Amino acid sequence: MAKAFTLLGALAVGIAASTMARPAAAQAFGNQGDLAFSAERLSGIYFYDEQESQTIITAGIAPPVATALTLPRLGIDYFVIDNLSIGGAIGFGDNNPEHGGAYSGGLIAPRVGYAIEFTKVIGFWPRGGFTYRNFGGDEEFALTLEAMFYVAPVQHFAVTFGPLMDLGIVGTGPEAKNFALISGGLLFWM
């Protein structure tokens with residue numbers, strides 16, 4: 001009889017332990033249902049060509065010779081399945097002659113991406129899509145490819161960095177070409 005109570009007691013303890021709440025494991029980036037918000041192109045080294053070649057170095061703010069494709073952007077991406085994201089970025093600039101510049105306008109850049117986790121902290125998130133920009137009356141569609149790495153020192157926050165390129169395809173003004181040796185930004189997801 002004591003053996004039966006011991007067996008029943010062990011079974012009860014096992015059932016109770018299996019139903020107890022467990023601490024949540026660290027959430028990796030790129031799970032189905034994740035929504036990512038990012039501040040992109042906050043810093044970097046860009047090689048830009050639109051009628052004339054320029055090397056543009058940014059550190060959190062647009063330099064006086066900023067161009068439409070090197071402006072900081074606000075991004076939002078949703079992971080429809082594990083690792084696969086759809087989303088885009090928007091950017092606005094007001095550098096018109098009244099403020100000492102030559103253009104004002106905006107851009108929108110829809111894209112798809114695929115997040116690859118190397119470790120719980122480091123990963124690779126390549127993305128591709130198109131950028132439509134309208135600045136100073138010039139409109140253009142550009143092919144945009146980004147090979148971004150991320151480092152997530154804490155849960156739900158990461159620093160992004162990597163090369164990118166924008167290649168003008170068609171537009172009303174001169175076609176632009178933008179290559180970034182490295183571009184950096186910030187990423188938050190939930």
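These legends describe several close-up views of one predicted protein model.

Residues are numbered from 1 along each chain as its sequence is written. Local features in this predicted model need pLDDT of at least 70, side-chain atom pairs count only at pLDDT 80 or more, and totals for chains, interfaces and linings use all residues, while side-chain values use heavy atoms and leave out hydrogens and water.

**View 1. The whole chain: one helix and ten strands.**
The elements run α-β-β-β-β-β-β-β-β-β-β from the N terminus on. Helices (H or I, at least four residues) and strands (E, at least two) are DSSP runs, numbered from the N terminus. The protein chain has 190 residues, and 36% of them count as buried. Buried means under 20% relative accessible area, exposed means over 50%, and partly exposed lies in between (1.4 Å probe, protein chains only). Among contacts with a separation of 6 or more, 56% join residues 24 or more positions apart. A contact means heavy atoms within 4.5 Å. The chain exposes about 10,400 Å², with 71% of it supplied by carbon and sulfur atoms. Accessible areas come from the Shrake-Rupley method with a 1.4 Å probe; for residues, only the protein chains shown count as cover.

**View 2. Confidence along the chain, from helix α1 to strand β3.**
pLDDT is the predictor's confidence in each residue, from 0 to 100. The mean pLDDT of the chain is 80, and 77% of its residues reach 70 or more. Confidence is lowest in helix α1 (residues 2–19), at a mean of 40. It is highest in β3, at 96. Over residues 1–26 pLDDT stays under 50. For that stretch the model has two contacts beyond four places in sequence.

**View 3. Arg 111 and its two partners, Glu 40 and Glu 146.**
Arg 111 forms a salt bridge with Glu 40, with the closest N and O atoms 2.7 Å apart. Arg 111 lies in strand β5 and Glu 40 in strand β1 (residues 35–50), so this pair ties together parts 71 residues apart in sequence. A salt bridge is a side-chain nitrogen of Lys or Arg within 4 Å of a carboxyl oxygen of Asp or Glu. Glu 146 also forms a salt bridge with Arg 111, and here the closest N and O atoms are 3.7 Å apart. Glu 146 sits in strand β8 (residues 138–154) and Arg 111 in β5, so the pair ties together parts 35 residues apart in sequence. Arg 111 is buried, at 8% relative accessible area. Glu 40 is buried too, at 5%. Glu 146 is also buried.

**View 4. A network of salt bridges, and another pair, Arg 133 and Glu 140.**
The structure holds nine salt bridges. A network of them links Glu 40, Arg 41, Asp 77, Arg 111, Arg 127, Glu 146 and Asp 166. The side chains of Arg 133 and Glu 140 meet in a salt bridge, at 2.6 Å from N to O. Arg 133 is buried, with a relative accessible area of 5%. Glu 140 is buried as well, at 2%.

**View 5. Arg 73, buried without a salt bridge.**
Arg 73 lies in strand β3 (residues 73–81). The nearest side chain of opposite charge is Asp 166, 4.2 Å away. Lys and Arg count as positive and Asp and Glu as negative; His and the chain ends are not counted. Beyond four places in sequence, Arg 73 touches residues including Ser 38, Glu 40, Ile 90, Leu 107, Thr 131 and Asp 166.

**View 6. Leu 69, in the loop between β2 (52–59) and β3.**
Leu 69 counts as buried, at 0% relative accessibility. The C-alpha atoms of Leu 69 and Asp 166 are separated by 7.4 Å, though the two are 97 residues apart along the chain. Leu 69 touches residues beyond four places in sequence, among them Arg 41, Tyr 48, Arg 133, Asp 166 and Asn 178.

**View 7. A nonpolar surface patch of about 910 Å².**
The patch is made by Tyr 78, Val 80, Ile 81, Leu 84, Ile 86, Val 112, Tyr 114, Ile 116, Phe 118, Val 121 and Ile 122. Elements giving two or more residues are β3, β4 (84–95) and β5 (103–114). β3 gives the most, with three residues. Patches are made of residues with over 30% relative accessible area and no salt bridge: like charges are joined within 9 Å, nonpolar side chains (Val, Leu, Ile, Met, Phe, Trp, Tyr) within 5 Å. Val 112 lies in strand β5. Val 112 is partly exposed, at 46% relative accessible area.
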